[in-house]
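Here is a short guided report to read with the model open beside you. Take it at bench pace, and turn the structure as you go.

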Amino acid sequence: MAQSTRATRTLEQAGITFGLHAYDYDSSAGSIGLAAAEALGADPAQVFKTLMVLADGKPACVIAPSSGEVSMKKAAAALGTKAAAMMTPVQAERLTGYKIGGISPFGQMRRVPMVIDETAILWDAIFLNGGQRGLQVRLTGEDARRVLDAALADISA
């Protein structure tokens, strides 16, 4: 497994301190984030999922704890739009340059508006996808928010 991805290079270039955590990716898992949390021995609320959405028809990224659901209404409001809906997997892969199960908010092919759930800053560190299946990066929620220039909001359902 490669330990250098566009995501990790983006964090390195930004001077962000992070840890790399590899695990055995299970493509049949019902929830990739929950499977990652279990494999890492982490609280599922500390492992954040990266969701690609269309907000008023324009691409955006929503980052939320794997332990819960996202309110698309709250996500849209945080993005300054009226409505948000999930992108298709094909759209998400094409836009980000990552495969489903390995979509990281860092180092995407195209910069899009981002919102991260406000609980990210309550943890000493959170886990986010590192840019490939079976790889997570561990960093502070504030570092993630800052490097992504993400809005911080309550987006939980």
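What follows goes from the whole chain to its main pocket and then to a few single residues.

**The chain as a whole**

Please keep in mind that this is a predicted model. The chain holds 5 helices and 8 strands. If you trace these elements along the sequence, you will read the order α-β-α-β-β-α-β-α-β-β-β-α-β.

How does the radius of gyration fit a compact globule? A compact globule of 157 residues would have a radius of gyration near 15 Å, and the chain agrees with this because its own value is 14 Å. Along the principal axes, the C-alpha atoms fill a box of roughly 40 × 35 × 35 Å.

Contacts and surface add to this picture. Among the contacts in the chain with a separation of 6 or more, 64% are made by residues 24 or more positions apart. Of the 157 residues, 46% count as buried. The accessible surface of the chain is about 7600 Å², and carbon and sulfur atoms account for 51% of that surface.

**The largest pocket**

Next, look for the largest pocket, whose volume is about 580 Å³. Its lining is made of 27 residues, and those nearest the centre of the pocket are Ile32, Gly33, Lys49, Thr50 and Leu51. Three elements give two or more residues to this lining: helix H2 (32–40), strand S2 (48–55) and helix H4 (89–96). Which of them gives the largest share of the lining? That is S2, with 5 residues. By character, the lining of the largest pocket divides into 13 nonpolar, 12 polar and 2 charged residues.

**Cys61 and its neighbours**

Cys61 is a good residue to display next, and you will find it in strand S3 (residues 58–65). Is Cys61 buried or exposed? Its relative accessibility is 0%, and residues under 20% are counted as buried, so Cys61 is buried.

Leaving aside residues up to four places away in sequence, Cys61 touches Thr50, Leu51, Met52, Pro105, Gln108, Val112, Pro113, Met114 and Val115. Two of these contacts, Thr50 and Leu51, are also among the residues nearest the centre of the largest pocket. Cys61 and Ala150 are 89 residues apart along the chain, while their C-alpha atoms are separated by 9.0 Å.

**Three loop residues**

Some loop positions are worth a look as well. Here they are with their places and relative accessibilities.

| Residue | Loop | Relative accessibility |
|---|---|---|
| Asp56 | between S2 and S3 | 44%, partly exposed |
| Thr88 | between strand S4 (84–86) and H4 | 39%, partly exposed |
| Asp149 | between helix H5 (141–148) and strand S8 (151–153) | 58%, exposed |

Asp56 has a positive phi of about 50 degrees although it is not a glycine. Asp149, likewise not a glycine, has a positive phi of about 55 degrees. Asp149 counts as exposed because its relative accessible area of 58% is over the 50% cut-off.

Thr88 offers a distance to check on your screen. From C-alpha to C-alpha, Thr88 and Leu135 are 22 Å apart in space, with their positions 47 residues apart in sequence numbering.

Terms used: Residues numbered from 1 in each chain as written. Predicted model: local features only at pLDDT ≥ 70, side-chain atom pairs only at ≥ 80, totals over all residues. Heavy atoms only, no water. 1 Å grid on protein atoms, 1.4 Å probe; cavity = no way out; pocket = protein on both sides within 12 Å on 5 of 7 lines; lining within 4 Å. Points joined across faces, edges and corners; volume = space filled by probe spheres on them. Helix = DSSP H or I, 4+ residues; strand = E, 2+ residues; numbered from the N terminus. Nonpolar A, V, L, I, M, F, W, Y, C, P; charged D, E, K, R; others polar. Rg over C-alpha atoms; globule rule 2.2 N^0.38 Å. Buried < 20%, exposed > 50% of the residue type's maximum accessible area, 1.4 Å probe, protein only. Contact = heavy atoms within 4.5 Å. Areas by Shrake-Rupley, 256 points an atom, 1.4 Å probe, with all protein chains shown as cover.
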